[in-house]
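I opened this entry to record what I looked up in the structure. My interest was in charged side chains and in how the strands are arranged.

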Amino acid sequence: MEIRALRPNDDRSTFRSGDPDLDRYFHRFAGQNQFKHHLGVTHVAVEGDRILGFATVSPAHVEIENLPVAARRRLPRYPVPVLRIARLAVDESARGIGLGSQLLRFTLRLALQMAEDYGCAGVVVDAKHDAVSFYARYGFISLEALEGRSESKPEPVPMFLSMRAIRLSQGRRRSE
């Protein structure tokens, strides 16, 4: 299996994650967002010609006040650059083999590279309600309180993982 950037000729039509919104995005919009509008890059996990999973990332920024107190201690008091995970999904046929974790670790390595090349304070994701525990296992923390949310249609939970935590998870020390 290989994780690489989506190519224009990749067949996305057979991908089924079980989430209609993620599938619709991948089938209809991932290509045009990447190749036409340049809004983000979708990385795919492929085996042969079959796409087993994907993660779409884009540069973003986060207002310093929205970060947890511990994360903002040494940061400047203006918006800081982050890598946003816009979408991450695994095909139903590839569930249970750790592919979601592999895609997440891949995006964390992209954040490390972004930090070295352009600057990056961490990774942000708007986690769907059923994915919060997945991201929390990797050290992501919620950016806002969950009080007052509707159980019938929960909104995504903004979560953050600092570059310090990413470096520690990758066994890297900050080189200064």
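**Entry 1: D10.** I began with D10, which lies in the loop between β1 (2-5) and α1 (20-36). The model is predicted, and I read every value below as computed from it. Is D10 buried or exposed? I found D10 to be buried, because its relative accessible area is 15% and the cut-off for buried is under 20%. I then listed its contacts, not counting residues up to four places away in sequence: D10 touches R4, A5, V44 and I51.

**Entry 2: D10 and R4.** I next looked at the pair itself. The side chains of D10 and R4 are joined by a polar contact of 2.9 Å. The pair also qualifies as a salt bridge, with the closest N and O atoms 2.9 Å apart. R4, at a relative accessible area of 11%, is buried.

**Entry 3: the second partner of R4.** I noted that R4 forms a salt bridge with E2 as well, where the closest N and O atoms are 3.9 Å apart. That pair still counts because the cut-off is 4 Å. E2 has a relative accessible area of 40% and is partly exposed.

**Entry 4: R50 and D91.** How far apart are the closest N and O atoms in the salt bridge between R50 and D91? I recorded 3.2 Å for them. This pair links distant parts of the chain, for R50 belongs to strand β3 and D91 to the loop between β4 and α3, with 41 residues separating them. I classed R50 as partly exposed, since its relative accessibility is 33%. D91 is buried, with a relative accessible area of 2%.

**Entry 5: the network and the count.** I checked which residues are joined by salt bridges that share partners: E2, R4 and D10 form one network. The count of salt bridges comes to 6.

**Entry 6: surroundings of D91.** I returned to D91 in the loop between β4 and α3. Its side chain makes a polar contact of 2.7 Å with the side chain of S93. Leaving aside neighbours within four places in sequence, I found D91 in contact with T14, F15, R16, S17, R50, I51, L52 and G53. R50, its salt-bridge partner, is thus among the listed contacts.

**Entry 7: β3 and β4.** I turned to the strands. In which sense do strand β3 and strand β4 pair? Strand β3 (residues 50-62) and strand β4 (residues 80-90) pair in the antiparallel sense, over 10 bridges. As one register point I noted that A60 has V82 in β4 as its bridge partner.

**Entry 8: β4 and β5.** I then followed β4 to strand β5 (residues 122-127), with which it pairs in the parallel sense over 3 bridges. Here L83 stands opposite V123 in β5. I kept one general point beside these register notes: in a regular strand the side chains alternate between the two faces of the sheet.

**Entry 9: the crossover.** I asked which elements make a β-α-β unit and found β4, helix α3 (residues 99-117) and β5. The unit is right-handed. I also noted, to connect this with the earlier entries, that the loop between β4 and α3 holds D91.

Note on methods. Residues are numbered from 1 along each chain as its sequence is written. This is a predicted model: local features need pLDDT of at least 70, side-chain atom pairs count only at pLDDT 80 or more; totals for chains, interfaces and linings use all residues. Side-chain values use heavy atoms; hydrogens and water are left out. Two strands pair if DSSP finds at least two bridges between them. Helices (H or I, at least four residues) and strands (E, at least two) are DSSP runs, numbered from the N terminus. A crossover is right-handed if, with the strands pointing away from the viewer, the path from the first strand over the helix to the second runs clockwise. A salt bridge is a side-chain nitrogen of Lys or Arg within 4 Å of a carboxyl oxygen of Asp or Glu. Buried means under 20% relative accessible area, exposed over 50%, partly exposed in between (1.4 Å probe, protein chains only). A polar contact is a pair of N or O atoms within 3.5 Å; within protein, one must be able to donate a hydrogen and the other to accept it, and residues adjacent in sequence count only if both atoms are side-chain atoms. Contact means heavy atoms within 4.5 Å.
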